[in-house]
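Subject: The structure I promised you

Hi,

Here is the structure we talked about, so you can open it and look around. My notes on what turned up follow right below it.

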Amino acid sequence: MNTTLDKISHKAQRAAASVIIDKVLAMVDKDREKGFLELVDWAEQFWGNGFSKEDYDKVRTAIKDPDNRWIKFINRVLDETDPHVAKMAALNLGFEAFFRGTKMIRKNREIYHCNIPWLILFDPTSACNMHCQGCWSGTYGHKANLSFDDMDKIITEGKELGVYLYMMTGGEPLVRKADILRLAEKHNDVELSIYTNSTLIDEDFCKEVVRLGNITFQLSIEGTPETNDARRGDGHYAAVMKAMDLLKKYGIIFGTSICYTCANIEAVTSDEFLRMISEKGARFGFYFHYMPVGNNAVLDLMPTMEQREYMIKRIREIRSPQCDIGFFPMDFQNDGEYVGGCIAGGRNYFHINSAGDAEPCVFIHFSNTNIHENSILEILQSPLFMAYHNGQPFNNNHLRPCPMLENPEFLQKMVHETGAHQTNMESPETVEHLCSKCKNYAEEWKGHADKIWAEETHKTPQYTNYKK
């Protein structure tokens with residue numbers, strides 16, 4: 001897909017970005033402002049009308065404001081991160097994924113008339129050394145692994161389409177630690193981001209991560225020692241604290257992965273908890289609404305309507321200029337407005353499980369296609385993925401984005417019309433069984449979500465990747 005001229009141009013562009021990034025990283029304190037401004041000028045030249053002139057100028061204004069919360073936040077991250085790790089993140093996540101990759105992805109969406117994602121999530125293994133209450137992954141068993149060649153294929157073919165961010169989950173990905181390091185070395189132009197239970201992070205591994213520079217982490221944690229270990233098992237909280245200390249010591253970028261339930265929602269959003277993980281070095285966090293996936297799902301863990309309303313307000317409060325906690329949270333269920341609703345089915349991401357089945361979402365265990373038999377592009381053009389492409393957004397109220405949790409009739413329809421098969425290797429679940437667990441929740445949440453949506457002001461995004 002890439003011509004020789006394309007490759008030469010890409011190499012020159014990456015080299016130019018590298019020079020500017022080196023200049024920014026070499027600057028400290030007030031002098032860094034000049035480097036940031038040069039970076040914005042370069043981005044505007046490279047990206048052009050991907051953003052409006054007003055957007056670029058807003059960034060420049062923020063950079064010049066010594067009290068801007070997020071510029072102070074970026075400076076803090078740069079100051080505490082190993083220089084090589086910081087440079088690789090800027091090159092791979094910034095230049096490759098955000099700028100160059102996004103341009104490629106948008107172009108390829110028009111060429112191939114299907115969803116092209118910004119990131120691909122895959123499971124190196126279904127094996128895990130833990131058994132957390134209500135975990136959908138826990139029903140998969142220890143039966144499957146992607147080979148190194150499988151993972152190499154995913155990244156190689158993904159890059160051809162413009163994908164330069166790859167996340168790994170499982171199971172516990174670090175069961176395959178050696179292959180992950182080998183993959184990071186071979187594909188040193190991509191960013192690998194690993195969801196992990198933290199228990200397999202040690203000194204030797206951290207040294208390799210710093211040497212390579214292109215691996216970041218999301219550590220699973222759920223509040224206090226009591227709320228965390230009640231679901232994840234005795235001793236897990238202590239293991240996370242140890243891993244955080246190691247990652248901070250070595251200047252490795254990391255955040256948190258938090259599943260919020262009715263039992264822990266206050267604990268995982270309290271000022272005390274957020275200040276603690278921030279002091280430990282966590283700079284960002286992904287919050288996930290508990291999904292009743294799998295036959296071992298615990299419906300009693302579903303957040304109440306009032307708790308979900310609280311979560312919407314709380315996440316925005318933490319991100320507001322008034323909050324002084326050095327942590328940036330994202331909530332995929334409640335931040336739908338900022339990403340245009342459901343991001344699955346390849347619209348912004350999709351999932352490949354450890355058996356190679358390509359699923360539209362990590363929570364949707366149905367598929368028509370497998371990486372052992374199909375290319376990444378063929379996966380994105382498969383029946384279930386095209387049903388996502390043709391149906392998104394599933395709701396114009398982006399506080400109700402999901403075709404399972406908030407619009408279960410859509411998922412049932414897509415699975416039946418495309419003939420998709422279930423992909424749970426350990427405990428098969430029909431789409432009717434899955435969606436029946438969401439029906440009452442969806443009906444109850446509708447009234448709450450519609451009221452909140454109607455009371456808010458919404459911007460029209462400059463770019464939306466829906467089917468025209």
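One term first: when I say that residues pack against something or are in contact, I mean heavy atoms within 4.5 Å. Also keep in mind that this is a predicted model.

Let's start with helix 16, which covers residues 408-418. Which elements do the buried residues of helix 16 pack against? They are strand 10, helix 15 (383-391) and helix 17. The buried residues themselves are P408, L411, M414, V415 and T418. These sit on the same side of helix 16, because the arc they cover around the axis is only 130 degrees. Look at the other side of helix 16 and you'll find H416 and E417, both exposed. Right after the helix comes G419, with a positive phi near 70 degrees.

Helix 7 (residues 177-186) can be read in a similar way. Its buried residues are I180, L181, L183 and A184. They span an arc of only 160 degrees around the axis, so they lie on the same side of helix 7. A178 and K186, on the other side, are exposed. The list of packing partners for the buried residues here is strand 1 (119-122), helix 6 (148-161), strand 2 (165-168), strand 3 (191-196), helix 8 (203-212) and strand 4 (215-220).

Now for the interior. The largest nonpolar core has 119 residues, and I201, F217, I376 and L411 are the ones with the most contacts inside it. Helix 17 (residues 431-455) gives the most to this core, namely 9 residues. If you'd like one residue to click on, try I201: leaving aside neighbours within four places in sequence, I201 touches L174, T196, C206, F217, L219, A243, L246 and L247. There is also a second, separate core of 18 residues, and I20, F36, L37 and V40 are among them.

A polar residue worth a visit is N370, in the loop between strand 10 (366-367) and helix 14 (376-380). Is N370 buried or exposed? It is buried, because its relative accessible area is 9%, and the cut-off for buried is under 20%. A polar atom of the N370 side chain lies 3.1 Å from the backbone oxygen of A355. Apart from neighbours within four places in sequence, N370 is in contact with A355, G356, D357 and A358.

On to the aromatic rings, where the count comes to 18 pairs. One of them is F98 with F99, edge-to-face at 5.0 Å centre to centre and 90 degrees between the planes. F98 is partly exposed, at 35% relative accessible area, whereas F99 is buried at 16%. Another edge-to-face pair is Y388 with F394, with 5.4 Å between the centres and 90 degrees between the planes. Here Y388 is buried at 1% relative accessibility, and F394 is buried at 5%. F98 and F99 also turn up in one aromatic cluster together with W42, F46 and F95.

Finally, two charges over rings. The charged end of R106 sits over the ring of Y463, 3.7 Å from the ring centre. K177 lies over the face of F205, at 5.1 Å from the centre of that ring.

Have fun with it!

Definitions and conventions. Residues numbered from 1 in each chain as written. Predicted model: local features only at pLDDT ≥ 70, side-chain atom pairs only at ≥ 80, totals over all residues. Heavy atoms only, no water. Core = buried A, V, L, I, M, F, W, Y, C linked by side-chain atoms within 4.5 Å. Buried < 20%, exposed > 50% of the residue type's maximum accessible area, 1.4 Å probe, protein only. Helix = DSSP H or I, 4+ residues; strand = E, 2+ residues; numbered from the N terminus. Polar contact = N/O pair within 3.5 Å; in protein donor to acceptor, adjacent residues only side chain to side chain. Phe/Tyr/Trp six-rings, centres within 6.5 Å; stacked < 30°, edge-to-face > 60°. Lys NZ or Arg CZ within 6 Å of the ring centre and 35° of its normal. Arc of directions from axis to C-beta.
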